[in-house]
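User: Please take a close look at the nonpolar core of this protein. I would like to know what builds it and how its parts fit into the whole chain.

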Amino acid sequence: MPQEIEKEKLSTEEILSLPMFKNYTPGNPASVLYIKNLAKDVVHDDFYYVFGSVFESLDAARSGLSIKLMQEGRMRGQAFVTFPSVELAQRALNLAHGYAFKGKPMIIQFGRSPAATKTSS
């Protein structure tokens, strides 16, 4: 599975050449990942598929991940995925950042903290 993701990932140079990634920084490591630029047809289960490989099993991913997927309004195409540990979140970011999922490269940053769900504009 990680090989599939690696194959569909943009290179660092490709990522940096896209306007949406221009000012990208991953932020400070946290157990929450903030994911944006998601395709319209992404569903909850897709995250288990993408991030499942950082867990021992799909069941472990299902019980370990907390997913908040925004599907309407200004936050559409974004998600917050909470991992059991900062280490797992870090591995997931390294694995999937820039992965062209359903045709759109995912932009993944560390979230601030579970309380930081309000957006700063």
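Analyst: Start with the whole chain. This is a predicted model. The protein chain has five helices and six strands. Read from the N terminus, the elements follow the order α-α-β-α-α-β-β-α-β-β-β.

Next, the overall dimensions. The C-alpha trace spans about 35 × 35 × 30 Å along its principal axes. A compact globule of 121 residues would have a radius of gyration near 14 Å, and the chain has 13 Å, so the two agree. Of the contacts with a separation of 6 or more, 71% join residues 24 or more positions apart. Buried residues make up 43% of the 121 residues. The chain exposes about 7,100 Å², and carbon and sulfur atoms supply 50% of that area.

Now the core itself. The largest nonpolar core holds 36 residues. Those with the most contacts inside it are Leu 33, Ile 35, Phe 47, Phe 51, Leu 65, Phe 83 and Met 106. Helices and strands both contribute. Helices H3 (44–51), H4 (58–64) and H5 (86–96) each supply at least two residues of this core. So do strands E1 (32–36), E2 (66–70), E3 (78–82) and E6 (107–110). H5 gives the most, with six residues.

Look at H5 more closely. Its buried residues are Leu 88, Ala 89, Ala 92, Leu 93, Leu 95 and Ala 96. They cover an arc of only 165 degrees around the axis, so they lie on the same side of H5. The spacing follows a simple rule. An α-helix has 3.6 residues a turn, so residues three or four places apart point the same way. After H5 comes Gly 98, whose phi is positive, near 85 degrees.

Take Leu 65 as one example from the core. Beyond its neighbours within four places in sequence, Leu 65 is in contact with Phe 47, Tyr 48, Phe 51, Phe 55, Val 81, Thr 82 and Phe 83. Apart from the largest core lies another core, of five residues. Among them are Val 32, Tyr 34, Met 70 and Phe 80.

Finally, turn to Gln 109, in strand E6. Gln 109 has 17% relative accessibility. Buried means under 20%, so Gln 109 counts as buried. Leaving aside neighbours within four places in sequence, Gln 109 is in contact with Tyr 24, Thr 25, Pro 26, Val 32, Leu 33, Tyr 34, Lys 36 and Leu 93.

Technical notes
Residues are numbered from 1 along each chain as its sequence is written. This is a predicted model: local features need pLDDT of at least 70, side-chain atom pairs count only at pLDDT 80 or more; totals for chains, interfaces and linings use all residues. Side-chain values use heavy atoms; hydrogens and water are left out. A nonpolar core is a set of buried Ala, Val, Leu, Ile, Met, Phe, Trp, Tyr and Cys residues joined through side-chain atoms within 4.5 Å. Buried means under 20% relative accessible area, exposed over 50%, partly exposed in between (1.4 Å probe, protein chains only). Helices (H or I, at least four residues) and strands (E, at least two) are DSSP runs, numbered from the N terminus. Contact means heavy atoms within 4.5 Å. The arc is that of the directions from the helix axis to the C-beta atoms. The radius of gyration is taken over C-alpha atoms; the globule rule is 2.2 Å times the number of residues to the power 0.38. Accessible areas come from the Shrake-Rupley method with a 1.4 Å probe; for residues, only the protein chains shown count as cover.
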